[in-house]
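Subject: Handing over the two-chain model

Hi,

Here is the structure I promised to pass on to you. Have a look at it first, and then read on for what turned up in it.

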Amino acid sequence: MSQESYIISCIRRLREYGEGMVLADQCISTIKDVVKSNVYTLIGMSQIGQKDRREMISVLGLNSNQAQMVNFLDVGQGIIRLGGRYPFPQLIAFPFVKPENISEKKLDEANAKDPRVRDLLSRVISVNVFEHPHLKPLPGIPQYTVNKESESKKDKMFEKSKDMLLDIFNRFDVASTVRAKDFGLSASAADKIFKFIEQEQLVDIIRLNLTGGRGGTSKFYVITNPKGYEAISKTPPKRSGGTGAMHFFLERYLKKHLSEKGFSCLEIEKNIGGKRIDLFGKYNELKIGIEICVSTMKSEFINFQKDQDKCEIVIITTPDKKTKTKLDSELIKKIEPNKKLKTCVVHELLNHPEKIIT
Amino acid sequence: MSENRSHINKVSSPYRYFKRPSLHDPQNSRGQIFEKPREYQVKGDIRLGNIRNSKMIFGILRKELVRHLLICGSSGAGKSNFLRVMQIELHRLGIPFLVFDTAKLGSRFLKRYMQDLIILRWDKEFFFNPLQPPPGVKLKEWLMVFSEITTEIFGLRTASKLYLTQFVQTMMFQKNDPSSSDFPTMHDLNRGLENRLKERIPINERGYLNGIHSKIKAVCITLEEMINIHQGIPIDEMLKYPVCIELVGIKSSEIQYWIISLIMAAIASYREARPMSFGSLRHVFFLDEAAHLVGKGEV
């Protein structure tokens, strides 16, 4: 059994990922048949060996007259044949590119000035700590220097925002406007701090309407980034299941607020028989599984099929109405109407869970 | 012929030459040997050259280049010139490419036509750690690829591949700080093999490890600082620019093609870890003397 070499399999796979390959060689007869037969554009230039000429004639599909031309090909001429668009051999003269040498010294200078080369070299981590000559500061070219003033401002801002971050960690379910009021900050002062923690990517922003009122969405902050936890010296919680910030926030928000609405034994990412349910709880002795659907509308029916044996009612909740209509239309395609399955927007579940369950 | 080409010294771009072919045409005396195509049949973004006895320019489409191109010709037929034409065309279209120069410093000459061509010399600017997986690729997966290629190129036996995979994996997972992104270097691998061979080990294993060690040692002695690094030049960044890697000076073609195939495999693994392109051309890889890697006799 002949085994395909790894390189040949690489060439085959590279096509799927938009990587074009230009292969060149002296003798056409030495190239593997699998490569020759899989190449779309084939160019044959003058060949000296009899074996190579014969191979070239057969691969390019030349007739007897054309085959004679193979012996007369001049420098810079070649016979080309495409795979499908124009599958007839064609004689072509290639333009001549005059080579001009560039000395080592000139190349050194060009590379030392090239910001892309400097960037590539700056990422190299060497065993022997050394400074590459190309990375030395260039005379006459302004170097990037840290603005000390702005750096100290940043530190001050960071100190100010630490308390805010701790508050976000402890009271994640409070909207930003309420949080600013609690801190006794003016709108502009609070805005500065919020902007800073957003820019530094210490928090994720979530906009949700959790009351169902007409006031629009409120802005919530949630720390999901390790950088954010580092800033307040806390260890990030173990995460499983949905990885998005919205999913993370809603799981915790629902757990906290559904207990006030008659739910008991609420548990996040509960593992029942190998299947994890986003939020599991009991409502009037009914086992309820709540799945949060943020963007995976098409695959949500799988969650329902897995959860329905373990729970009496499965609620799939979405952050907004638009997602819910999308979800409903996807579920209709895949599942027959089922009494066990309920879909709702988060604020409906938070305000009137009894309406959804009964 | 030199008289005909004397004007070329004055032109700044090789494209002007498309309009005025002046090469000897053997077809004139022999009638219409090749069928004359319609213009739309041979029109393409990447212009290759003039069709003889016609003003038409033969070009290929970008999506056609994704399905690869093979050019064969004896030495002096104009292969390297054709590769330079292709590189200029890709540069004109803003398609990044990667060229390896193994013998002639041919691509360096293009700096005149492409000021933004990056030339990385193996002994100066090019640094590569074969044990560092490309971004997004699992370490274990990459180590298997590394062993596969190393044994394939150096002609080692299948059992050597297993021993090498096992050895490299143990070395990787035994490092002091597994969370650190400082990967062991090829020199570390060489030292590790040396230490292992000093121990009392079964004779079978000794034989295979000896074979691997001799090749790895040759690589370390030849490439020295180029591979004595924890993290090399990032592959993903290199794919954004027109780059030429000069391996001229590495006298062993085995080692040259070992580097080339590892880089090719790294690109393939990196691309595989990302979404498919569905036929659109992202990058082009030039491989001269391809028989070293895809030939019947070799590998």
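One definition before we start: two residues are in contact if their C-beta atoms, placed from the backbone, lie within 7 Å. Please also keep in mind that this is a predicted model.

With that in hand, take helix 3 of chain A, residues 50-60. Its buried residues are A:Asp52, A:Glu55, A:Met56, A:Ile57, A:Val59 and A:Leu60. What covers them? Within chain A, the cover includes helix 2 (33-38), strand 2 (41-44), helix 4 (64-69) and strand 3 (77-81), and chain B adds its strand 3 (69-72). Just past the end of this helix, A:Gly61 has a positive phi of about 65 degrees.

Some background on chain A may help. It has 358 residues, of which 34% count as buried, and its secondary structure comes to 15 helices and twelve strands. If you take the contacts in chain A between residues at least 6 apart in sequence, 53% of them join residues at least 24 apart.

Another helix to look at is helix 11 of chain A, residues 245-258. At 1.5 Å a residue, its 14 residues should span 20 Å, and the C-alpha atoms at its ends are indeed 20 Å apart, so the two values agree. The buried residues here are A:His247, A:Phe248, A:Phe249, A:Leu250, A:Tyr253, A:Leu254 and A:Leu258.

Now to where the chains meet. On the chain B side, 96 residues are in contact with 81 residues of chain A. Helix 3 of chain B (residues 79-93) gives the most to that side, with eight residues. Sorted by class, the chain B side has 51 nonpolar, 24 polar and 21 charged residues.

A residue to pick out in helix 3 of chain B is B:Asn81. Across the chain boundary, B:Asn81 touches A:Gly76, A:Phe94, A:Phe96 and A:Val97. Is B:Asn81 buried, exposed or partly exposed? With 19 other C-beta atoms within 10 Å, and 20 needed to count as buried, B:Asn81 is partly exposed. The C-alpha atoms of B:Asn81 and B:Ser107 are separated by 9.6 Å, and these two residues are 26 apart along the chain.

The chains are also joined through strands. Strand 4 of chain A (residues 90-93) and strand 1 of chain B (residues 46-51) run antiparallel and are joined by two bridges. A:Ala93 has B:Asn50 as its bridge partner there.

Chain B has its own strand 4, at residues 97-101, and five of its five residues are buried. B:Phe97, B:Val99 and B:Asp101 point one way from this strand, while B:Leu98 and B:Phe100 point the other way. Which strands does it pair with? Strand 8 of chain B (residues 283-287) runs parallel to it, with three bridges between them, and B:Val99 stands opposite B:Phe286. Strand 7 of chain B (residues 243-246) is also parallel to it, joined by four bridges, and there B:Asp101 has B:Glu246 as its bridge partner.

B:Phe286 comes up again in the largest nonpolar core, which has 124 residues. The members that touch the most others are A:Val22, A:Leu23, B:Leu70, B:Met264, B:Phe286, B:Leu287 and B:Val294. Helix 9 of chain B (residues 253-272) gives the most to this core, with twelve residues. Domain 1 (6-93) and domain 2 (104-135) of chain A both give residues to it, so this core lies between them. Leaving aside neighbours within four places in sequence, A:Val22 is in contact with B:Leu69, B:Leu83, B:Met86, B:Val284, B:Phe286 and B:Leu287. There is also a second, separate core of 41 residues, with A:Phe194, A:Leu210, A:Ile288 and A:Leu331 among them.

Finally, two backbone angles. Most residues other than glycine have a negative phi. A:Asn284, however, has a positive phi near 50 degrees. A:Asn284 sits in the loop between strand 9 (275-283) and strand 10 (286-292) of chain A, and it counts as exposed because it has 11 C-beta neighbours inside 10 Å. B:His68 also has a positive phi, of about 75 degrees, and lies in the loop between helix 2 (62-65) and strand 3 of chain B. B:His68 is buried, with 25 other C-beta atoms within 10 Å.

Happy exploring!

Key:
Residues numbered from 1 in each chain as written. Chains lettered and ligands numbered in written order. Predicted model: local features only at pLDDT ≥ 70, side-chain atom pairs only at ≥ 80, totals over all residues. Expected span 1.5 Å × (residues − 1). Buried ≥ 20, exposed ≤ 12 C-beta atoms within 10 Å, placed from the backbone. Nonpolar A, V, L, I, M, F, W, Y, C, P; charged D, E, K, R; others polar. Pairing = 2+ DSSP bridges. Core = buried A, V, L, I, M, F, W, Y, C linked by C-beta atoms within 7 Å. Domains from an automatic or database assignment.
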